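This report describes the strand pairing, the aromatic pairs and the pockets of the structure shown below.

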Amino acid sequence: MPNFQEKALVQAHEQLAPDIFRLTVHSPQIAQASAPGQFVMIKSSNTSDPLLRRPFSIHDVTSGGMLHLLYKVIGKGTRCLQNLSPGEQTDLIGPLGHGFQFSVQEPACLLGGGMGIAPLLYLAKSLQNVSSPRQDHQILLGARTSVELAPLVDDFQQLGYTVQAATDDGSLGHHGFVSELLEEVLPSVRTVYVCGPHPLMAAIARQCQAADVPCQVSLETHMACGLGACLGCTIYAPDKSYRHVCKHGPVFDANEVLWTL
Ligand SMILES: Cc1cc2nc3c(=O)[nH]c(=O)nc-3n(C[C@H](O)[C@H](O)[C@H](O)COP(=O)(O)OP(=O)(O)OC[C@H]3O[C@@H](n4cnc5c(N)ncnc54)[C@H](O)[C@@H]3O)c2cc1C
Ligand code: FES
């Protein structure tokens with residue numbers, strides 16, 4: 001799969017919630033080559049500090065070569081990213097990794113927790129083109145609170161999907177974990193696509209395995225290079241062999257991962 005290093009002009013930088021931003025850049029080569037579930041390594045500042053690029057899922061691709069990233073500010077890199085303004089230039093490498101397999105025309109469940117929702121919007125959009133009607137798919141989204149979740153729920157609703165939401169504090173949708181919504185929809189879907197915190201993905205993988213429903217997980221590990229060179233993103237498969245999330249993933253069949261939780 002080809003990937004590119006591309007200078008990209010910032011087109012928009014929208015604040016969705018106190019620490020959550022959506023960055024839109026003009027990156028036509030990466031946008032055109034990308035598939036749902038793939039990611040980019042972005043330079044978060046125009047100086048050498050921080051030195052390392054940061055990995056982010058491709059959140060959406062829109063006409064004119066626009067690439068959208070959704071991110072939460074958690075440390076130095078994302079604090080620098082937050083300072084990028086429209087008209088400024090950044091630098092991306094991508095699209096990287098293996099994305100979701102979704103060619104089968106069967107009803108699916110897309111389940112995202114927190115910033116794990118990011119890659120699911122692009123997947124939801126792509127499912128509209130190749131798969132069964134929107135109402136056959138189940139969208140389950142969870143976050144800590146309504147302020148963080150509501151703008152993301154809107155995105156999926158604008159695509160015509162019905163969304164079931166869950167928040168830790170009960171301020172939107174189900175009061176509890178988004179995993180608690182899965183049991184009810186599992187019998188009606190043929191594949192579950194999930195991205196979110198590791199314990200959430202481990203729980204969903206167990207639920208799907210018990211119900212014999214295929215599950216694809218998009219893993220997030222620390223990444224220094226994103227290109228298979230530093231070995232910093234290693235995980236174990238059940239037979240204790242290594243996998244590199246940047247190269248073999250980030251999307252894996254849940255049964256290919258040794259879940260430690
Ligand atoms: C393939 C992939 C896709 C991703 N997609 C998104 C996305 O769409 N949106 C988004 O907000 N984030 C995403 N992430 C996570 C994102 O890369 C990190 O939040 C970011 O690199 C943090 O950089 P920082 O310099 O701000 O924080 P740092 O200063 O590097 O870290 C701050 C704190 O967060 C912890 N941390 C950093 N990265 C991770 C990680 N990957 N997993 C667990 N803990 C971590 C550190 O240990 C530290 O405690 C993705 C990660 C991967 C690997
Ligand atoms: S991040 Fe360097 S090998 Fe995966």
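## Parallel pairing and the open sheet

The model is predicted. Within it, strand E9 (residues 138–143) pairs with strand E10 (residues 163–167) in the parallel sense, over five bridges. In this pairing, Ala 143 stands opposite Thr 167 in E10.

Both strands belong to an open sheet of seven strands, in the order E11-E10-E9-E8-E12-E13-E16. The pairing in this sheet is mixed. Its edge strands are E11 (174–175) and E16 (251–253), each of which pairs on one side only.

## Antiparallel pairing of E1, E2, E3, E4 and E7

Strand E1 (residues 4–17) runs antiparallel to E2, and seven bridges join the two. A hairpin through two residues connects E1 to E2. Across this pairing, Ala 12 stands opposite Thr 24 in E2. E1 also pairs in the antiparallel sense with E7, over six bridges. Here Lys 7 has Asp 91 in E7 as its bridge partner.

Strand E3 (residues 39–42) pairs with strand E7 (residues 89–96) in the antiparallel sense, over three bridges. Met 41 stands opposite Ile 93 in E7. E3 also pairs with E4, again in the antiparallel sense, over four bridges, and Phe 39 stands opposite Ser 57 in E4. Both faces of E3 are covered: Phe 39 and Met 41 on one side are buried, as are Val 40 and Ile 42 on the other.

## Aromatic pairs

A pair of aromatic rings is described by the distance of the centres and the angle of the planes. The structure has four aromatic pairs. In one of them, the rings of Phe 21 and Tyr 71 have centres 5.6 Å apart and planes at 20 degrees, so the pair is stacked. This pair links distant parts of the chain, with Phe 21 in strand E2 (residues 20–26) and Tyr 71 in strand E6 (residues 66–72), 50 residues apart. Phe 21 counts as buried because its relative accessibility is 7%, under the limit of 20%. Tyr 71 is also buried, with a relative accessible area of 1%.

A stacked pair is also formed by Tyr 236 and Tyr 242, at 5.4 Å centre to centre and with 25 degrees between the planes. Tyr 236 counts as partly exposed at 40% relative accessibility, whereas Tyr 242, at 54%, counts as exposed. Ring pairs further link Phe 21, Phe 56 and Tyr 71 into a cluster.

## The largest pocket

The largest pocket has a volume of about 1200 Å³. Its lining consists of 42 residues, and those nearest its centre are Ile 74, Met 115, Gly 116, Gly 196 and Glu 220. By class, the lining holds 20 nonpolar, 15 polar and seven charged residues.

At least two lining residues of the largest pocket come from each of strand E4 (54–57), E6, helix H2 (76–81), E9, E10 and helix H6 (198–211). E4 gives the largest share, four residues. Domain 1 (4–96) and domain 2 (108–256) each contribute at least three residues to this lining.

## The second largest pocket

The second largest pocket holds about 180 Å³ of space. From the segment of domain 1 (4–96) and that of domain 2 (108–256) alike, residues enter its lining, so this pocket lies between the two domains.

The residues that line the second largest pocket are Glu 14, Arg 22, Thr 24, His 59, Asp 60, His 68, Leu 121, Lys 125, Asp 155, Gln 158 and Leu 159. The elements that supply two or more of them are E2, helix H3 (118–130) and helix H4 (146–158). By class, this lining has two nonpolar, four polar and five charged residues. Thr 24, named above as the residue opposite Ala 12 in the pairing of E1 with E2, is one of the residues that line this pocket.

Key:
Residues numbered from 1 in each chain as written. Chains lettered and ligands numbered in written order. Predicted model: local features only at pLDDT ≥ 70, side-chain atom pairs only at ≥ 80, totals over all residues. Heavy atoms only, no water. Pairing = 2+ DSSP bridges. Phe/Tyr/Trp six-rings, centres within 6.5 Å; stacked < 30°, edge-to-face > 60°. Buried < 20%, exposed > 50% of the residue type's maximum accessible area, 1.4 Å probe, protein only. 1 Å grid on protein atoms, 1.4 Å probe; cavity = no way out; pocket = protein on both sides within 12 Å on 5 of 7 lines; lining within 4 Å. Points joined across faces, edges and corners; volume = space filled by probe spheres on them. Nonpolar A, V, L, I, M, F, W, Y, C, P; charged D, E, K, R; others polar. Domains from an automatic or database assignment.
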